[in-house]
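Good morning, colleagues. I would like to use this short slot to go through one structure, taking its charged pairs and then one of its sheets. Please look at the display before I begin.

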Amino acid sequence: PAPGQFINELKTSGFTGEELTAEAAVAYAERRMSEGRFVSLGGFGGYIVVGFDHSVDNAGGHDLAVEGNSFDGSSEPGIVWVMQDSNGNSLPDDEWYELRGSEWGSENHSTRYAVTYFRPVGDAMSVHWVDNRGERGVVPYMSVHSQPSYYPQWFEGESVTFYGSRLEMNTQTDSSGKVWHLPYAWGYADNLGEDCEAIGESEAVRCRFDIDNAVAADGSAVELQYVDFVKIQCAVNGVDKAMGELSTEILAIECVR
């Protein structure tokens, strides 16, 4: 994940305080998803990668589903990427393809975006960032989540850079001053769009995805017969003054075949 208010947090997000290595962080994410609990991706660029025990065929229509915790007025969209295990080594080290969503090609979507986060110099401090557009900001420290730092404690070095595609914040302020984080039409995780549905009595929402929407880095369509790996990346770089940074949360990634 990128830095965020649920990172290292011991209660709501279930960290133990012993996640001091990348391997321990992966084990944490695996445990959370096996329990049907959310894994927060933190701020922009934070991501999770999963592999299936079989190739997911592109058979027309929806092939994949992602469960998030969006609800009316609170969408924190993540972009979905897919990969074929082309070299057959069972590792996600081939080419990633973005799945095109409703905002592809619009002013709300941009590619080749990057954010560098800097380790705070002390406890209970916001995480500062700078992007490749020359903009600066912070992941604000929120008193409601009082772990010493939102910077992942297993990260080495004084800074870390995340790359990916960006979606602009889709917000609306009502007459009372409340800010609503509205969904985009379709094609994103943790986004209450027209391709999503509530799951029974749970707080989860399942959004569906079509492998036919895969595009290459230059924007051209890619014909994939199957995929083996899926990556979800937090696509927004924004802050709600009351709620903190926008961060995609994921509960499950599924093959719907």
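I start with a salt bridge: R37 pairs with E35, and the closest N and O atoms are 3.4 Å apart. Please bear in mind that this is a predicted model. R37 is partly exposed, at a relative accessible area of 47%.

E35 has a further salt bridge, this one with R31, where the closest N and O atoms are 3.9 Å apart. With the cut-off for a salt bridge set at 4 Å, that value of 3.9 Å is counted. E35 is itself partly exposed, its relative accessible area being 41%. For R31 the relative accessible area is 29%, and this residue too is classed as partly exposed.

I move now to a pair that lies within strands. E197 and R208 form a salt bridge through their side chains, at 3.0 Å from N to O. Which strands hold these two residues? E197 belongs to β12 and R208 to β13, so the salt bridge ties together parts that are 11 residues apart in sequence. Both residues have been assessed for exposure: E197 is partly exposed with a relative accessible area of 34%, and R208 is partly exposed with 25%.

This pair also belongs to a wider arrangement. A network of salt bridges links E67, E197, R206, R208 and E254. For the model as a whole, the count comes to 10 salt bridges.

Let me turn to the sheet. It is an open sheet of five strands, paired in the antiparallel sense, and the order across it reads β1-β18-β3-β13-β12. Which strands stand at the edges? They are β1, residues 39-40, and β12, residues 196-198; each has a single partner strand, so one side of each is left without a neighbour in the sheet.

Further in, β3 covers residues 64-68 and β13 covers residues 205-209, and the two pair in the antiparallel sense over five bridges. Within this pairing, L64 stands opposite F209 of β13.

A helix completes the picture. Helix α1, residues 22-34, packs on the sheet and touches both β1 and β18, the latter spanning residues 249-255. The direction of α1 makes about 75° with that of β18.

To close, I return to the two themes together. The salt bridge between E197 and R208 joins strand β12 to strand β13, and β12 is one of the edge strands of the sheet. Thank you; I welcome your questions.

Note on methods. Residues numbered from 1 in each chain as written. Predicted model: local features only at pLDDT ≥ 70, side-chain atom pairs only at ≥ 80, totals over all residues. Heavy atoms only, no water. Pairing = 2+ DSSP bridges. Helix = DSSP H or I, 4+ residues; strand = E, 2+ residues; numbered from the N terminus. Contact = heavy atoms within 4.5 Å. Axes fitted to C-alpha atoms, helices over the stretch in contact; angles between N-to-C directions. Buried < 20%, exposed > 50% of the residue type's maximum accessible area, 1.4 Å probe, protein only.
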